[in-house]
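Visitor: Please take one part of this model and look at it closely, then work outwards to what surrounds it. I would like the cut-offs stated as you go.

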Amino acid sequence: RVDRPIALATLRWVLMKDDIKVRTAALDLVLEMKVTELAADVARLMQDPADEALLKAACRTLVAVPTPMALPHLKRIFDQKGFAFGIVKGISDEVRALAVAAAAAIDHDEARAITAQAAKDRSQAVRDAAVPKPRKN
């Protein structure tokens, strides 16, 4: 058994690694253990939108450990439509829906504004994600 402060420091260090697979594994641990102390670190990972798999994992984690610090990133992801003039561009509806689900888990006016806007989105997945799910403790 590892003391919580040591586990937090180790997970924080692993989340900052450059390897996407390592970061994703760390996100899975934060999600599974509901490590709320690392929510801000998870939010910071969303600054670089290059990897959709990382964004998906971060959004899933933020549903379990919500933080208002993630709202600017969630809004940016939600606002990036997947298609423009029939050309694939931006972020997929799946990732946009996960960002909306993460926003729905945050008790904040800005989060409610994102979910209200998402409820009118053209994507069914995004609209469905705008309805908050009951939280399991």
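Guide: A residue is called buried under 20% relative accessible area, exposed over 50% and partly exposed in between (1.4 Å probe, protein chains only). By that rule A70 is buried, since its relative accessible area is 0%. The model is predicted, so local features need pLDDT of at least 70 and side-chain atom pairs pLDDT 80 or more, while totals for chains, interfaces and linings use all residues. Residues are numbered from 1 along each chain as its sequence is written, and side-chain values use heavy atoms, without hydrogens or water.

A70 sits in the loop between helix 4 and helix 5 (71–79); helices (H or I, at least four residues) and strands (E, at least two) are DSSP runs numbered from the N terminus. Not counting residues up to four places away in sequence, A70 touches A43 and L62, where contact means heavy atoms within 4.5 Å. A102 is 32 residues from A70 along the chain, and their C-alpha atoms are separated by 8.7 Å.

The chain around this loop has 137 residues, of which 40% count as buried. It contains eight helices and two strands, in the order α-α-α-α-α-β-β-α-α-α. Among contacts with a separation of 6 or more, 64% are between residues 24 or more positions apart.

Helix 4 (residues 52–64) packs against helix 2 (residues 20–33) at an angle of about 15°, with the axes 9 Å apart. Axes are lines fitted to C-alpha atoms, for helices over the stretch in contact, and angles run from 0 to 180 degrees between N-to-C directions. Helix 2 and helix 4 are therefore roughly parallel (under 35 degrees; over 145 is roughly antiparallel, 65 to 115 roughly perpendicular, the rest oblique). Their crossing is left-handed, meaning that the near helix is turned anticlockwise from the far one by less than a right angle; clockwise would be right-handed. Helix 2 contributes I20, R23, T24, L27, V30 and L31 to the contact, and helix 4 contributes L54, A57, A58, R60, T61 and A64. By class this contact has eight nonpolar, two polar and two charged residues. Here Ala, Val, Leu, Ile, Met, Phe, Trp, Tyr, Cys and Pro count as nonpolar, Asp, Glu, Lys and Arg as charged, and the others, Gly among them, as polar.

Helix 2 also packs against helix 1 (residues 4–15), at about 140° and with the axes 8 Å apart. This crossing too is left-handed. L11, V14 and L15 of helix 1 meet V22, R23, A26, L27, L29, V30 and M33 of helix 2. That contact comprises nine nonpolar residues, no polar ones and one charged.

After helix 2 comes K34, in the loop that leads to helix 3 (39–45). The phi of K34 is near 50°, a positive value in a residue other than glycine. Most residues other than glycine have a negative phi. K34 counts as partly exposed because its relative accessibility is 40%.

D41 belongs to helix 3 and is buried, at a relative accessible area of 3%. Its side chain makes a polar contact with the side chain of R12 at 3.1 Å, and another of 2.8 Å joins the side chains of D41 and R44. A polar contact is a pair of N or O atoms within 3.5 Å; within protein, one must be able to donate a hydrogen and the other to accept it, and residues adjacent in sequence count only if both atoms are side-chain atoms. Leaving aside neighbours within four places in sequence, D41 is in contact with R12, L15 and M16.

A102, mentioned above, lies within the span of helix 6 (residues 93–104), whose axis comes within 8 Å of that of helix 7 and crosses it at roughly 135°. Helix 6 and helix 7 are therefore oblique to each other, in a left-handed crossing. V100, A103 and A104 of helix 6 make this contact with A111, I114, T115 and A118 of helix 7. Six of these residues are nonpolar, one is polar and none is charged.

Finally, S123 is in the loop between helix 7 (109–118) and helix 8 (124–129). S123 is buried, at 6% relative accessibility. A polar atom of the S123 side chain lies 3.3 Å from the backbone nitrogen of A125. Residues up to four places away aside, S123 touches D93 and R96.
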